[in-house]
Amino acid sequence: MRPLEDDGPRHATWLELFFDLVFVVAVAQLAGALSSDLTLHGFLVFCGLFVPVWWAWVGYTFYADRFDTDDAVHRLLTLGGMFAVGVLASVIPDAAQGDTVPFALAYVAVRAFVIALNARAWLHLPAARPLLNVYVPAFSVAAALMLVSVVVPAPGRYWLWALALAVDVGT
C-alpha cells in the first residue's frame, strides 16, 4: 500500500470499474422507485435514499484516489463492500415504501468496509495518519448513528440519518 504519487494520471482498476457498476444498479433502483411515485413525496424519498448511496460511492472513490492498493486483502475488502452495496441496492424498493431498517443496516455494512480500508491505510502509511485520525473516527461515529437509527421509529430515524450524513459529509 502506498499513497498515490504524482507520476501521472491514475487509471481505475477493473475491480473498481466493476464496483462502479454495482453502484449503477443502486442508482437504477432509486430511479425505479422515483418513477413509480412521481410526487413531491416520491422525490423527497428519492433524495433521502440517493444521498447515502451517493456518499457511499464517494467514500470508496475518495479512498481509491488517495491510496494505490491492489493486494489480496484490499481485493477481499472491496469484494465485501461490493456485496454490501448489492444488498443496499436490493433493499431500495422496500426502503422507498417505508421499510428503511434493512437500508440502514446495509448502509452501515457499506461504510464499515470503507472504515476498514481507511484503518488499514492508517496502519501501513504513517504519513496518512493525520488525515485518517480524523476520517476513521468520524466515519465510525456516522456509521454508529445509522446503526442506532434502526431502533428509533420514524421520523426520529431520519433525523439520525441526517446527523450521520452531516458528520460524514462534514468530515
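Visitor: Let's start with His74: which residues does it touch, once residues up to four places away in sequence are set aside?

Guide: His74 touches Tyr63, Thr69, Leu117 and Arg120. Bear in mind that this is a predicted model. His74 itself is found in helix α3.

Visitor: And why is His74 called buried?

Guide: The cut-off for buried is under 20% relative accessible area. His74 has 8%, so it counts as buried.

Visitor: What about its partner Thr69: where does it lie, and what makes it buried?

Guide: Thr69 lies in the loop between β2 and α3. Its relative accessible area is 3%, which is under the 20% limit, so the label buried fits. Thr69 also has a distant sequence partner to look at: Ala121 is 52 residues away along the chain, with the two C-alpha atoms 9.1 Å apart in space.

Visitor: Over to the rings. Why is the pair of Phe19 and Phe23 called tilted?

Guide: The structure holds ten aromatic pairs, and Phe19 with Phe23 is one of them, with 5.3 Å centre to centre and 40 degrees between the planes. Rings pair if their centres lie within 6.5 Å, and 5.3 Å passes. Planes under 30 degrees apart would be stacked and over 60 edge-to-face; 40 degrees is neither, so the pair is tilted. Both residues lie in helix α1, four residues apart, or about one turn of the helix.

Visitor: Why would that spacing put two side chains on one side of a helix?

Guide: An α-helix has 3.6 residues a turn, so residues three or four places apart point the same way.

Visitor: How do you know whether Phe19 and Phe23 are buried or exposed?

Guide: Phe19 has a relative accessible area of 5%, and Phe23 has 5% as well. Buried means under 20%, so Phe19 and Phe23 are buried.

Visitor: What makes Phe23 and Tyr60 a pair, and of what kind?

Guide: Their ring centres are 6.4 Å apart, which is within the 6.5 Å limit, so they pair. Their planes are at 55 degrees, between the 30 and 60 degree limits, so this pair is tilted. Phe23 lies in α1 and Tyr60 in α2, so the pair ties together parts that are 37 residues apart in sequence. Tyr60 is buried too, at 7% relative accessible area. Put Phe19, Phe23 and Tyr60 together and you have one aromatic cluster.

Visitor: How do you know that the charged end of Arg129 sits over the ring of Trp122?

Guide: The distance to the ring centre is 4.3 Å. The limit is 6 Å for CZ of Arg, with a second condition of lying within 35 degrees of the ring normal. Arg66 and Phe62 give another example: Arg66 lies over the face of Phe62, at 3.7 Å from the ring centre.

Visitor: Which residues have the most contacts inside the largest nonpolar core?

Guide: Val53 and Phe103, in a core of 51 residues. Helices α1, α2, α3, α4, α5 and α6 each supply at least two residues of this core. Val53 touches Phe23, Ala26, Leu30, Leu88, Ile92 and Phe103, not counting residues up to four places away in sequence.

Visitor: How do you know that the span of helix α5 is close to what is expected?

Guide: Helix α5 has 21 residues and reaches 30 Å from its first C-alpha to its last, and the expected value is 30 Å at 1.5 Å a residue. Its buried residues include Leu132, Tyr135, Phe139 and Met146. Among the elements covering the buried residues of α5 are α2, α4 and α6. Helix α5 also has the highest mean pLDDT among the elements, 96, while strand β1 has the lowest, 51.

Visitor: Why is Val152 called partly exposed?

Guide: Val152 has 23% relative accessibility; buried would need under 20% and exposed over 50%, so it falls in between. Val152 is found in the loop between α5 and α6 and, beyond four places in sequence, is in contact with Arg157 and Leu160.

Visitor: One last thing: is the peptide bond from Ala154 to Pro155 cis or trans, and what omega goes with that?

Guide: That bond is cis, with omega near 5 degrees. Most peptide bonds are trans. Pro155 is found in the loop between α5 and α6.

Notes
Residues are numbered from 1 along each chain as its sequence is written. This is a predicted model: local features need pLDDT of at least 70, side-chain atom pairs count only at pLDDT 80 or more; totals for chains, interfaces and linings use all residues. Side-chain values use heavy atoms; hydrogens and water are left out. The expected span of a helix is 1.5 Å times one less than its number of residues. Buried means under 20% relative accessible area, exposed over 50%, partly exposed in between (1.4 Å probe, protein chains only). Contact means heavy atoms within 4.5 Å. A nonpolar core is a set of buried Ala, Val, Leu, Ile, Met, Phe, Trp, Tyr and Cys residues joined through side-chain atoms within 4.5 Å. pLDDT is the predictor's confidence in each residue, from 0 to 100. Rings of Phe, Tyr and Trp (its six-membered ring) pair if their centres lie within 6.5 Å; planes under 30 degrees apart count as stacked, over 60 as edge-to-face and the rest as tilted.
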